[in-house]
Amino acid sequence: MPSTMYARSPPALPLSVPGKSPQNLPMHQPSYSRVAVSPPQAGSSAASSAVPSLTSGSYAGSSAGDDSNGGTSGVDLVELMNDRLSNAVDPLPLDRSLARQAQTSGALNAKQQELLELQALAQRRLKGARSNFADGMKAAKEVKKDLDWTQKRVS
């Protein structure tokens, strides 16, 4: 490819760059949703290579027409990738693990709720035990006071 030399402009002057106008744009934008490539034939040399040959007539970028080959047909890339991905991933283990996760989460939430209820029950019981202890201490002090009074009376 021949190299092109550009003349330098003086540093003080701005360099004007022409913009693209609608006349300069190509009229037909290429569509990438379909590619005209047939799968390699069983006996061909292209079957042994994963990369299509650039000189082959069946290559999508070749100068031959899109459907010049009898076996060439349009392939929908989205449909092809969807088919390959649906065959590559088995959703059954994912569904099972999702169901197991939901069950485990439900069991964990139930246990958490049960623990909160048991904690509230333990706090109520502790409050009752403290009240009973306070009543018992009050009764013990009264008994001691009565014993001291009785001791003084007897002596």
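Helices (H or I, at least four residues) and strands (E, at least two) are DSSP runs, numbered from the N terminus.

**View 1. The whole chain, from end to end.** This is a predicted model, where local features need pLDDT of at least 70, side-chain atom pairs count only at pLDDT 80 or more, and totals for chains, interfaces and linings use all residues. Residues are numbered from 1 along each chain as its sequence is written, and side-chain values use heavy atoms, with hydrogens and water left out. Starting at the N terminus, the elements go β-β-α-α, so you get two helices and two strands. Just 3% of the 155 residues count as buried (under 20% relative accessible area, 1.4 Å probe, protein chains only).

**View 2. A salt bridge in helix H2.** Here the side chains of Glu114 and Lys111 meet, 3.8 Å from N to O. A salt bridge means a side-chain nitrogen of Lys or Arg within 4 Å of a carboxyl oxygen of Asp or Glu, and the structure holds one. Both residues sit in H2 (residues 91-154), three residues apart, about one turn of the helix. Glu114 counts as partly exposed (between 20% and 50%) because its relative accessibility is 38%.

**View 3. How sure is the predictor?** pLDDT is the predictor's confidence in each residue, from 0 to 100. Its mean over the chain is 74, with 53% of residues reaching 70 or more. Among the elements, H2 has the highest mean (96) and strand E1 (residues 34-36) the lowest (54).

**View 4. Residues 62-72.** Along this stretch pLDDT stays under 50, and the model has 11 contacts (heavy atoms within 4.5 Å) beyond four places in sequence for it. Where pLDDT is low, don't read the predicted coordinates in detail.
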